[in-house]
Amino acid sequence: VITLSTNVGLYNHSDIVGHFRSSSFSVIDALQYKLDGTTRLTMKRGLKLATALSLSNRFVEGNQDSTISLTKKNLEASVTTTAKVQCPVLKVNFQQELTGNMKSKPTISSSIALRYDFDSTQLQSSAKGNVDHKLTMESFVPYLSIETECKSSMSGAVLSQKYSGAISNEANSYLDAKSMRSSVKLEGSSKVDGIWNVEAKENFAGEASVGHFYTVWEHSGKNHVQLRRGFSTSGEQNSKVTLELTPWTASSVIQVHSSQPSSLFKKASLGQAVTLTAGLKEQRASWKGEGQIQTVSLSHNIQLSNDPTEIRLSAAGSLEGYMSFLRDTLLPVYDSSLWDILKLDVTTSADKKQHLQISSALVYTKSDTGYWFSIPVKETADEFIIPAPELKSLVTPSSSLESGYVRLAKKTSMAPFALNLPSLPQVKFPRVEVSTEYSAPEGSTLSFFGVTVPEFQVTLSPLTLPKKLPLAGAILDLNEVTNRTADFDLPSITMPEQNIRVPTLTFWLPAGIFLPS
């Protein structure tokens, strides 16, 4: 027999209050419950809505409290939730908190905690662990900050075999008008007693700004595996990758190292490194590596470079190890081993290491002399004058060249202007003085035109978020909506003026062709 009871009440005094209650009665305890809920709306000095909800049962308990407060100067909200599960084989505790406000700056924070415990004698298994997660976000023009953290661990046993594991993650990001930074950290481990034990770590970080970009990634790990048939192995791995970019330059480094000895190979390792650097005048690349298995090791080194004087390619390699295995290498034609055919007993012995090294280099030397064909340029105090006969074939019939010459001003002024877009802040561009220079040929050097745009700032005008929005051909007044609910107006939110820096840019254009002899 189950008896249900439900009561609902709505009261309008100084505040609007609503009550809800539901319960059941039964000879079976698991079917009995009690549910209570309360909602209160207050309209003094703003708008405040508070809600409370609770549930109780023999196996499940839960509570939730939430509050939303809106005034002329602030907006606050919070939600708290707790839950418990009590079963013969499972126990769970859950808690969540979420808060947000806009006092000095918009802030949102969240935290989640979960605990569980599972134990079953019939299944001969158990598990116990926890999960914690935190999130914080702050935003205030002109920056945004986000931080998050998550940790989890677990341990237990299955058929008397114990195991455990853990994972941790941290991440954060920061963004403003000038730069952006971000980093991620991840750690994990897994262990089964007597079988394996694995650990791993990952780190990533990056930064980007006007004129610069940098990122790095790192990995490290350890492992151990033990099988019942006698095979075992233990190893370590490490790697790192970096990348950096700036105007007209780039560099990158890749490093990898791994060691994995086992019951089959007492020594087993591998290492690699790649480096790249590139600029306008010089470029370099290299690849180095080494590896070892038992007593045999192999290494190599390759270098490539390019500069104004030469292009060089060099390569080197080496092989090291014992050659006793040649005694067991038989050639049926000679009915003898390769060791005896090469008569290695004369120069060495089986207990000595042998070395083999090879190196080579290729160099291309750039000539300083040659044939160059430059466009004739006449320079005056204010401009450069280029004769046009050579360029007439490149222009369209509708184009014209004044007096048969092309004139390039040394200084060109770009007038300021503003860009206006609906519902967006005005973008203002200042006056910019663009300069042009000419590097005359000296010796065998080719001439160039250089166009330089100096550093300037782009301005974003202040923007006040609108309180009236167009909707389906009509105007939605947000103040009017809130006035019908509570006697107050929405607060004004204004984004202040922002400045974005644009770095100096220089473009070089060749004024001829150079052919080396």
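Me: How much area does the protein chain expose, and what share do carbon and sulfur atoms supply?
Reply: The protein chain exposes about 35,000 Å², and 60% of that comes from carbon and sulfur atoms. The model is predicted.

Me: What makes up the protein chain in terms of helices and strands?
Reply: The protein chain has two helices and 40 strands. Of its 517 residues, 16% are buried. Among contacts between residues at least 6 apart in sequence, 42% join residues at least 24 apart.

Me: Why is T107 called buried?
Reply: Buried means under 20% relative accessible area. T107 has a relative accessible area of 19%, so T107 counts as buried. T107 lies in strand 8, residues 107–120. Leaving out residues up to four places away in sequence, T107 touches T99, G100, N101, M137 and E138.

Me: Why is L313 called partly exposed?
Reply: The class between buried, under 20%, and exposed, over 50%, is partly exposed. L313 has a relative accessible area of 39%, which falls between these limits, so L313 is partly exposed. L313 is found in strand 20.

Me: What nonpolar patch on the surface includes L313?
Reply: The patch is formed by I254, V256, V274, W287, I302, L304, I311, L313, L362 and Y364. Together they have about 840 Å² of accessible area. Two or more residues of the patch come from each of strand 16 (249–259), strand 19 (296–306), strand 20 (310–322) and strand 23 (353–365). A patch residue needs over 30% relative accessible area, and L313 has 39%, so L313 passes that part of the rule.

Me: How many aromatic pairs are there?
Reply: The count is four aromatic pairs. One of them is F384 with Y438, a tilted pair with 6.0 Å centre to centre and 55° between the planes.

Me: How do you know that F384 and Y438 are a pair, and why is the pair called tilted?
Reply: Ring centres must lie within 6.5 Å, and here the distance is 6.0 Å, so the two rings pair. Planes under 30 degrees apart count as stacked, over 60 as edge-to-face and the rest as tilted. The angle is 55°, so the pair is tilted.

Me: Where in the chain do F384 and Y438 lie?
Reply: F384 is in strand 26 (residues 383–387) and Y438 is in strand 31 (residues 432–439). The two are 54 residues apart, and the pair links distant parts of the chain.

Me: Why are F384 and Y438 called buried?
Reply: The limit is under 20%. F384 has a relative accessible area of 1% and Y438 has 18%, so both are buried.

Me: What makes Y438 and F449 a tilted pair?
Reply: Their centres are 5.0 Å apart and their planes differ by 45°. The distance is within 6.5 Å and the angle is neither under 30 nor over 60 degrees, so the pair is tilted. Y438 in strand 31 and F449 in strand 32 (residues 448–453) are eleven residues apart. F384, Y438 and F449 form one aromatic cluster.

Me: Which residues make up the largest nonpolar core?
Reply: It has six residues: V427, V432, V434, V453, F456 and V458. Strand 31 and strand 33 (456–460) each supply at least two of them. Apart from this core lies another, of five residues, among them F384, I386, Y438 and F449.

Me: What is F456 in contact with, leaving aside its neighbours within four places in sequence?
Reply: F456 is in contact with F429, P430, V432, I500, R501 and V502.

Methods. Residues numbered from 1 in each chain as written. Predicted model: local features only at pLDDT ≥ 70, side-chain atom pairs only at ≥ 80, totals over all residues. Heavy atoms only, no water. Helix = DSSP H or I, 4+ residues; strand = E, 2+ residues; numbered from the N terminus. Buried < 20%, exposed > 50% of the residue type's maximum accessible area, 1.4 Å probe, protein only. Contact = heavy atoms within 4.5 Å. Areas by Shrake-Rupley, 256 points an atom, 1.4 Å probe, with all protein chains shown as cover. Core = buried A, V, L, I, M, F, W, Y, C linked by side-chain atoms within 4.5 Å. Patch = residues over 30% accessible without salt bridge, like charges linked within 9 Å, V, L, I, M, F, W, Y side chains within 5 Å. Salt bridge = Lys/Arg side-chain N within 4 Å of Asp/Glu carboxyl O.
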